[in-house]
There are 2 protein chains.
Amino acid sequence: MLAQTLSTGERLSLITRGLPAVSGTDEIQAILTEGSRSPKGIWVTVPTGRPHLGYVVPLLKMVDFLRAGVDFNVCLGDIYGFLINFKYPISQVEQRKRFYKFVLGAVFDAIGVPASSLPFVDESSYAYTPRHIMDMYRLSALSSQRQLRETGDEVGVSTMFGPMLTPILQALDEEYQGSDFDFGGLDQAGYFRVLPFASRLTICKRGLFEFAEELLPKMGYKKRAHLMNDMLPGLNGGKMSASLPDSKIDCLDSPETIRNKIMAVQCREGDAKTNGLLAIVRLILIPLNRLRLERSWGEIGYSLTEGRGVPESPPYAGPTGTVFTMSVDGTTKHYQTYLEIEQEYTQLQSHEAFKNAVSESVVQILAPVRESYSRNPDWQAAEKLAYPEGEEE
Amino acid sequence: MLAQTLSTGERLSLITRGLPAVSGTDEIQAILTEGSRSPKGIWVTVPTGRPHLGYVVPLLKMVDFLRAGVDFNVCLGDIYGFLINFKYPISQVEQRKRFYKFVLGAVFDAIGVPASSLPFVDESSYAYTPRHIMDMYRLSALSSQRQLRETGDEVGVSTMFGPMLTPILQALDEEYQGSDFDFGGLDQAGYFRVLPFASRLTICKRGLFEFAEELLPKMGYKKRAHLMNDMLPGLNGGKMSASLPDSKIDCLDSPETIRNKIMAVQCREGDAKTNGLLAIVRLILIPLNRLRLERSWGEIGYSLTEGRGVPESPPYAGPTGTVFTMSVDGTTKHYQTYLEIEQEYTQLQSHEAFKNAVSESVVQILAPVRESYSRNPDWQAAEKLAYPEGEEE
């Protein structure tokens with residue numbers, strides 16, 4: 001199959017596959033059907049703490065967007081990042097932004113997509129224009145205090161004022177980048193949760209995405225589609241967060257550190273739901289293996305060159321028809337589905353082999369990132385300024 | 001005495017006389033003493049409802065500033081006005097701003113100061129610059145939600161988000177107009193009030209001025225002096241407000257309307273504290289008379305030309321040594337002090353003569369404003385667009 005001959009349906013299903021939640025995709029379909037231009041997608045990332053392994057999940061998904069011929073931007077929310085950081089001056093946010101560009105670019109390269117396929121756009125490149133600030137004030141006039149306090153995690157946990165502006169900024173990012181869809185983690189969607197201890201009490205959080213869907217049309221702007229990816233949980237469950245060092249694998253962690261962290265994970269027999277390692281398999285290793293297999297079949301999509309520098313036989317990869325491979329006592333074991341892995345996991349007495357398989361895979365994925373870092377003095381300098389010793393959040 | 005020979009002490013006392021509250025005037029004194037430049041003052045007015053007689057109070061005080069050689073700007077808070085209006089598009093705020101300029105300019109002329117002595121500066125003329133936007137975000141990052149909710153009347157009465165930005169805008173007005181002091185009504189100051197019904201319960205409102213004093217230094221900017229004037233109460237006590245039609249005299253009210261409104265005021269024997277007419281005498285007629293007398297003595301201050309077109313013998317004006325004059329049953333009565341008027345008022349059985357004296361004075365003061373309006377089609381056009389029939393707030 002020639003890449004350029006993907007049908008509208010194939011393109012749409014590439015765009016949405018594997019995502020746990022989407023809204024407004026009719027519009028994307030209409031653009032694909034009409035055919036006069038590419039759909040435009042954005043991903044807003046906020047340069048705060050150091051990017052960790054969890055960032056590989058959305059980056060992997062972006063390969064699907066590029067294969068489907070989406071025109072995609074990575075938006076660096078630098079003003080957003082300044083408003084939620086509470087401590088650091090904007091000059092330090094600037095360095096964090098540089099650090100993010102180096103890390104994310106190297107991860108793209110590491111998964112076989114040239115970093116140059118994914119242009120970075122700084123929020124600050126359009127947020128200091130008269131039109132943007134006028135829209136910021138217009139959107140402020142249209143929003144209620146409550147609406148903003150209930151939107152987004154950053155607002156919820158802070159008593160400061162700055163975070164209240166972030167849903168406004170992200171809604172405007174959608175407009176100012178001319179996007180058709182905004183891609184983000186499930187944490188950008190709202191939820192309505194009944195608390196277990198009191199059946200009538202509920203927590204209602206409005207998502208950044210719902211806020212944008214509600215407010216942009218009031219501004220006379222288009223409501224965007226929203227595509228959400230699963231979030232990689234922390235190694236021992238909970239959130240994988242830059243501010244919880246034990247929960248995360250840093251994209252620049254050494255092989256030894258990666259191995260130590262993974263080996264230290266508490267794996268309880270029978271407990272699959274909160275296990276961070278199964279999530280790495282499901283959200284990173286299986287999708288990476290699928291991309292590899294699809295490349296081997298020539299299915300590299302709409303107009304993308306993929307696969308440069310990616311190992312032909314990574315440790316997690318087996319033959320066609322399998323999703324994951326690992327070695328147990330010198331024997332190679334192939335799995336056909338993720339569920340098969342999960343079911344086997346729940347009966348394991350020892351998790352050594354499983355931990356080994358995951359850690360060697362992660363070490364291999366991140367090796368070129370670390371290597372790129374070691375060859376790049378600008379990146380190393382940005383790191384020193386972005387995260388002076390001991391400063392992490 | 002030549003105008004230019006005012007001493008530093010005379011200039012400072014001109015600047016602060018008659019004001020019920022000031023803070024930070026040491027800095028003004030230092031500038032006057034140093035002598036290399038004029039102090040710079042600003043007054044921020046927000047184009048919302050139609051300007052009423054209460055606006056004459058600060059405008060009269062500005063004559064003192066000009067006489068003292070202050071470099072003074074009237075700042076039109078147009079973005080501020082947009083953020084608190086909840087209903088009207090920015091194009092309508094624009095027309096309200098034009099209307100304000102016409103009214104306030106005509107009132108300056110009517111009190112004998114050429115409108116050209118008081119330059120108007122639009123907030124929007126600097127608020128759409130990158131530096132201002134960056135400062136707005138910096139100040140947002142430094143402020144807490146609570147701090148802003150407690151600051152200013154507009155925030156207190158609204159559930160909308162826009163008003164939370166107004167203390168930030170006004171603080172930046174102080175910086176961006178290069179002011180040494182910000183002049184405003186007592187409503188811009190905070191208060192700490194013990195509620196009468198519960199001795200331990202207090203209401204604490206932070207003022208716009210306290211907010212600016214606290215936050216600008218955190219931005220690396222100078223803390224400004226704050227000068228506050230008394231506010232003219234409504235005709236029957238309470239607040240004189242554009243949104244309470246019975247409380248106010250519009251600057252363009254006809255002589256008949258002015259007379260009817262003043263005649264309808266409830267004057268209760270013995271009740272001086274809540275009476276709006278005594279306040280007109282104290283805050284407008286007596287100061288106007290003083291300016292007139294000072295002009296007759298050649299005391300027109302530092303570098304100001306005053307008195308063009310102002311009647312030599314207005315109805316409220318008597319000879320030197322008196323502060324107010326009125327006619328009772330064909331007899332002219334002069335008063336030496338305001339207290340004398342207030343004491344006499346509390347014993348009056350009929351308030352007819354007093355009401356007459358006040359209404360004829362107000363009619364005469366506003367006559368040139370109305371005349372200027374009738375000769376100015378641009379002003380009339382702005383009025384139609386700014387306040388379409390029935391739209392008032």
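How many residues of chain A are in contact with residues of chain B? In this predicted model, local features require pLDDT of at least 70 and side-chain atom pairs count only at pLDDT 80 or more, whereas totals for chains, interfaces and linings use all residues. Residues are numbered from 1 along each chain as its sequence is written, chains are lettered from A and ligands numbered from 1 in the order in which they are written, and side-chain values use heavy atoms, with hydrogens and water left out.

Contact, defined as heavy atoms within 4.5 Å, involves 32 residues of chain A and 31 residues of chain B. Buried area is the accessible area (1.4 Å probe) that two parts lose on being put together, summed over both; for chains A and B it amounts to about 2,700 Å², with 73% on carbon and sulfur atoms. On the chain A side, the greatest losses of area to chain B fall on A:Tyr137, A:Gln145 and A:Phe161, which together account for 30% of what that side buries.

A turn of 180 degrees with a shift of 0.1 Å along the axis lays chain A on chain B at an RMSD of 0.0 Å, the superposition being by least squares on the C-alpha atoms of residues with pLDDT of at least 70 in both copies. The two copies are thus related as by a two-fold rotation axis. Of the interface residues of chain A, 97% are also interface residues in chain B, so the copies meet through the same surface.

Within chain A, helix packing was examined for DSSP runs (H or I, at least four residues), numbered from the N terminus. Axes are lines fitted to C-alpha atoms over the stretch in contact, and angles run from 0 to 180 degrees between N-to-C directions. Helix α3(A) (residues 56–67) packs on helix α5(A) (residues 90–110) at an angle of about 55 degrees, with the axes 10 Å apart. This makes α3(A) oblique to α5(A), a class for angles outside the ranges under 35 degrees (roughly parallel), over 145 (roughly antiparallel) and 65 to 115 (roughly perpendicular). A:Val56, A:Leu59 and A:Met62 of α3(A) form the contact with A:Leu104, A:Val107 and A:Phe108 of α5(A). These residues comprise six nonpolar, no polar and no charged, where Ala, Val, Leu, Ile, Met, Phe, Trp, Tyr, Cys and Pro count as nonpolar, Asp, Glu, Lys and Arg as charged, and the others, Gly among them, as polar.

Helix α10(A) (residues 166–176) takes part in two further packings. Its axis comes within 9 Å of that of helix α11(A) (residues 208–215), at a crossing of roughly 65 degrees. Residues meeting there include A:Ile168 and A:Ala171 of α10(A) and A:Phe209 and A:Phe211 of α11(A); the contact has seven nonpolar, two polar and one charged residues. With helix α7(A) (residues 130–142), the α10(A) axis crosses at roughly 130 degrees and comes within 10 Å; α7(A) and α10(A) are therefore oblique to each other. Among the residues of this contact are A:Arg131 and A:Asp135 of α7(A) and A:Ile168, A:Ala171 and A:Glu175 of α10(A), and by class there are seven nonpolar, two polar and three charged residues.

Notes
Helix = DSSP H or I, 4+ residues; strand = E, 2+ residues; numbered from the N terminus.
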